[in-house]
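Thanks for making the time this morning. I would like to walk through one model with you, going from side-chain contacts to backbone details and then to a pocket.

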Amino acid sequence: MDRIKIIGGEKLYGTIPIAGAKNAALPLMIASLLTPETLILENVPRLSDVRMLKRILGNHGVDVMVAGKRPGESAEDGEVVRLQAAHIVDTVSPYELVSQMRASFWVLAPLVARMREAKVSLPGGCAIGTRPVDLLLMAMEKLGCKIEIDSGYVLASAPDGLKGAEIDFPKVTVGGTHTALMGAVLARGKTVIKNAACEPEVTDLAHCLVKMGAKISGIGTPTLEIIGVEHLHGATHRVLPDRIEAGTYACAVAMTGGDVLLDGVTPDLLQSALDKLKASGTEVIPEGNGIRIRREGGKILPVNITTEVFPGFPTDLQAQFMALMTRADGVSTIIETIFENRFMHVSELARFGAKIRLDGDAAIIEGRETLKGAPVMATDLRASVSLVIAALAAEGETMINRVYHLDRGFEGLETKLQRCGAKVERIRG
Ligand code: UD1
């Protein structure tokens with residue numbers, strides 16, 4: 001298993017190109033199941049989750065072709081992915097595949113919308129508390145789908161096709177909104193989705209579906225109206241930039257000090273996080289097609305954060321900000337409202353000497369000037385990268401084990417950091 005070694009203490013200077021968003025690329029790739037024509041996605045990130053989803057879609061019969069390669073890149077990677085589901089040959093998504101990545105459960109809606117049936121294993125993915133799928137199934141049932149659970153599988157069928165309906169989510173859910181959208185676009189009649197997620201990745205999916213011929217209004221608002229169509233067609237769509245990757249590197253620069261241009265991302269995608277960074281004493285300057293992050297000297301100021309749905313502070317940046325706050329000049333509080341139990345990074349951050357106390361859904365962080373490098377273990381995707389941020393500023397050497405979590409969500413992490421002067425090395429094995 002690969003490990004990452006970091007010698008802390010270097011400031012970061014340079015430019016970091018921001019990749020396409022993982023959380024948009026995955027549902028967009030899944031949307032290819034909705035049409036027999038070709039969906040061309042550009043700016044697709046090179047990530048293990050994307051590779052895994054190509055395999056899952058391939059199993060269903062989707063023809064996946066990759067272009068836009070860098071020199072020396074493997075056959076699987078490239079930033080342009082062409083997906084054609086001319087013939088869906090299998091409507092079963094087995095446990096071995098779905099358990100690796102929660103988002104693959106989202107194949108359920110397009111499979112039923114197009115093939116009128118699907119058998120999909122209940123999901124796995126990052127271990128961040130209980131992550132139920134009741135609301136995804138509720139959305140499918142509203143659309144007229146019959147759902148049974150048997151031996152760890154969801155058996156879904158709609159012999160007469162899906163029917164438009166009103167779907168009112170009691171809680172904002174990204175996966176639930178993706179599911180409802182992908183079901184509704186091919187359903188008969190009108191669907192209204194209330195309390196829909198407004199995350200930019202949901203909006204990106206909706207825009208792509210419109211290019212494919214879907215009729216959706218209210219995009220970007222909590223109320224989406226969809227008039228079902230009989231067929232969708234092919235389209236070309238560019239995946240939006242990864243706001244979480246951008247926010248992560250912004251935290252890294254705030255942590256070490258330095259001056260880095262995050263290239264290819266706009267501030268509106270992560271304004272709430274940028275506001276918190278500014279409050280921590282970091283300069284945030286929109287520049288051309290990117291955002292410059294600068295902190296030269298001065299202390300890191302403590303800030304209080306509560307995770308919220310978009311446009312509030314994203315839960316996927318909570319661990320990274322906690323790492324930053326471990327070196328703040330004072331006490332900060334971070335309240336996690338989206339997921340229970342999303343504090344696995346706390347015990348690992350403590351190994352650097354960080355002082356963090358948990359109280360229900362709150363973490364109270366007493367900042368200190370120096371952290372010390374330590375052997376640590378990556379636990380989930382975003383938690384892992386918080387350890388990288390701590391290590392970059394810690395004295396001495398840190399060895400991060402189980403880095404496959406990082407490879408799921410961060411394209412070329414060590415290369416991007418090395419180019420900005422960090423002492424980061426991947427140890428294969
Ligand atoms: C997506 C993102 C993830 C992000 C999260 C919240 C992807 C691949 N993943 O995950 O990175 O952290 O949005 O922005 O895009 N819930 C239920 N029942 C359900 C579904 C969800 O109770 O059927 C709850 C969840 O437990 C959680 C909350 O709703 O407490 C939000 O989850 P949701 O928005 O659905 O997250 P994901 O789509 O899984």
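Please keep in mind throughout that this is a predicted model. Let me begin with the aromatic side chains, where a search of the whole structure turns up one aromatic pair. The partners are F313 and F321, whose ring centres lie 4.9 Å apart with the planes at 90°, and since an angle over 60 degrees counts as edge-to-face, that is how this pair is classed. Are these two phenylalanines buried or exposed? Buried means under 20% relative accessible area, so F313, at 4%, counts as buried, and F321, at 1%, counts as buried as well.

Staying in that part of the chain, I would draw your attention to the peptide bond between F310 and P311, which is cis, with omega at about 10°. As general background, most peptide bonds are trans. P311 itself sits in the loop that runs between β18, residues 305-306, and α10, residues 318-325.

A second kind of ring contact involves a charge: K119 lies over the face of Y153, at 4.9 Å from the centre of the ring.

Now to the backbone, and to two residues with positive phi. Most residues other than glycine have a negative phi. S151 is not a glycine, yet its phi is positive, near 50°, and S151 is placed in the loop between β8, residues 146-150, and β9, residues 153-157. With exposed defined as over 50% relative accessible area, S151 counts as exposed because its value is 66%. N195 also has a positive phi without being a glycine, in this case about 60°, and N195 belongs to the loop between β11, residues 190-194, and α7, residues 200-211. At 29% relative accessibility, N195 counts as partly exposed.

Next, some pairs of residues, taken with both their separation along the chain and their distance in space. How far apart in space are the C-alpha atoms of R238 and E42, which are 196 residues apart in sequence? The distance is 4.5 Å; R238 lies in strand β14, residues 235-238, and is partly exposed, with a relative accessible area of 47%. V253, in helix α8, residues 243-256, is 241 residues from L12 along the chain, while their C-alpha atoms are separated by 6.0 Å. V253 is buried, its relative accessible area being 0%.

S121, which belongs to strand β7, residues 117-121, is buried with a relative accessible area of 1%. Its C-alpha atom is separated by 7.6 Å from that of S99, and the two are 22 residues apart along the chain. For L371 and G220, which are 151 residues apart in sequence, the C-alpha distance is 41 Å. L371 is located in the loop between β21, residues 362-366, and β22, residues 375-377, and, at 1% relative accessible area, is buried.

Before the pocket, a word on helix α1, residues 22-30, which is mostly covered, with eight of its nine residues buried. Those buried residues are K22, A24, A25, L26, P27, L28, M29 and I30.

That brings me to the second largest pocket, which holds about 600 Å³ of space. It is lined by 31 residues, and those closest to its centre are R46, R70, E73, E411 and G412. Two elements, α2, residues 48-60, and α14, residues 413-418, each give two or more residues to this lining, and α14 supplies the largest share, four residues.

What is the chemical make-up of that lining? The residues divide into 15 charged, nine nonpolar and seven polar. The lining also draws on both domains, with at least three residues from domain 1, given as 3-18 + 241-427, and at least three from domain 2, given as 22-238.

To bring the main points together, we have one aromatic pair in the whole structure, a cis peptide bond joining F310 and P311, positive phi values at S151 and N195, and a second largest pocket whose lining takes residues from domain 1 and domain 2. I am happy to go back to any of these on the screen.

How values were computed:
Residues are numbered from 1 along each chain as its sequence is written. This is a predicted model: local features need pLDDT of at least 70, side-chain atom pairs count only at pLDDT 80 or more; totals for chains, interfaces and linings use all residues. Side-chain values use heavy atoms; hydrogens and water are left out. On a 1 Å grid over the protein atoms alone, a cavity is a set of points where a 1.4 Å probe fits but cannot get out, and a pocket is an open set with protein on both sides within 12 Å along at least five of seven lines; lining residues have an atom within 4 Å of a point. Grid points are joined across faces, edges and corners, and a volume is the space filled by probe spheres set on the points. Ala, Val, Leu, Ile, Met, Phe, Trp, Tyr, Cys and Pro count as nonpolar, Asp, Glu, Lys and Arg as charged, and the others, Gly among them, as polar. Domain bounds come from an automatic or database domain assignment. Rings of Phe, Tyr and Trp (its six-membered ring) pair if their centres lie within 6.5 Å; planes under 30 degrees apart count as stacked, over 60 as edge-to-face and the rest as tilted. Buried means under 20% relative accessible area, exposed over 50%, partly exposed in between (1.4 Å probe, protein chains only). A charge sits over a ring if NZ of Lys or CZ of Arg is within 6 Å of the ring centre and within 35 degrees of the ring normal.
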